[in-house]
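This report describes a single protein chain, beginning with a feature of its surface and moving from there to a helix and the overall architecture.

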Amino acid sequence: MAEPQGPLMSPGFWLHHAALEWRATVERNLRPLGLTLTQFNLLASAGWLGRRGELPTQQQVVDMAGADRMMGSRVIRVLEDRALLARRSDPDDARILRIEVTVEGRDLARRAIRIVVDTDQQVFGSDSDALRDRLKSIAAGRGGR
């Protein structure tokens, strides 16, 4: 068993602080578009999943975004109120909501994705492939999206 050496020697400590810095930078960069990071994640996830042909369910969008079910539902409602998304009842099961990104939503998502990609470059640098792969392997422990 490893001996505790204090927080400054913990990768988790630095991961947490790096994530806070990344989040703050993304939020600041998305602000001119009127999007929060959570709104962006849900909008972009809906767009990404919708490219597969069938409209994704609200739960699929929330899961892809890594959001809490209740919070995801509230934020999706906000995006719907802004006419960026539309929720539709599934024709086979009225309890299931399907999410469609509107034309306005696709346009805003494209602009926001460019901002987030640029922010990733700014924060993580051009050689971030190894970091991404390591974080992806760690995240796979929670279902790996």
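## A nonpolar surface patch

In this predicted model, helices α5 (103-124) and α6 (129-139) each contribute at least two residues to a nonpolar patch. The patch lies on the surface and is formed by L15, V123, F124, L131, L135 and I138, which together have about 460 Å² of accessible area. The greatest contribution comes from α6, which provides three residues.

One of the patch residues is L135, located in helix α6. L135 has a relative accessible area of 33% and is therefore partly exposed, since that class lies between the 20% limit for buried and the 50% limit for exposed residues.

## Geometry of helix α5

Helix α5 comprises 22 residues, for which a rise of 1.5 Å a residue predicts a span of 32 Å. The C-alpha atoms at its ends are 31 Å apart, in agreement with that expectation. After α5 comes G125, which has a positive phi, near 85°.

## The two sides of helix α5

The buried residues in α5 are G105, L108, A109, A112, V116 and T119. Viewed down the helix axis, the buried residues of α5 fall within an arc of 100°, so they line one face of the helix. An α-helix has 3.6 residues a turn, so residues three or four places apart point the same way.

The buried residues of α5 are covered by elements that include α1 (11-30), α2 (37-50) and β2 (97-101). On the face turned away from this buried side, α5 carries the exposed residues V103 and R110.

## Overall architecture

The protein contains six helices and two strands. Along the sequence these elements follow the order α-α-α-α-β-β-α-α. Taken along the principal axes, the C-alpha atoms fill a box of roughly 55 × 35 × 25 Å.

Of the 145 residues in the protein, 28% are buried. Among contacts with a separation of 6 or more, 51% are between residues 24 or more positions apart. The accessible surface of the protein amounts to about 9,800 Å², and carbon and sulfur atoms account for 55% of this area.

Definitions and conventions: Residues numbered from 1 in each chain as written. Predicted model: local features only at pLDDT ≥ 70, side-chain atom pairs only at ≥ 80, totals over all residues. Heavy atoms only, no water. Patch = residues over 30% accessible without salt bridge, like charges linked within 9 Å, V, L, I, M, F, W, Y side chains within 5 Å. Areas by Shrake-Rupley, 256 points an atom, 1.4 Å probe, with all protein chains shown as cover. Salt bridge = Lys/Arg side-chain N within 4 Å of Asp/Glu carboxyl O. Helix = DSSP H or I, 4+ residues; strand = E, 2+ residues; numbered from the N terminus. Buried < 20%, exposed > 50% of the residue type's maximum accessible area, 1.4 Å probe, protein only. Expected span 1.5 Å × (residues − 1). Arc of directions from axis to C-beta. Contact = heavy atoms within 4.5 Å.
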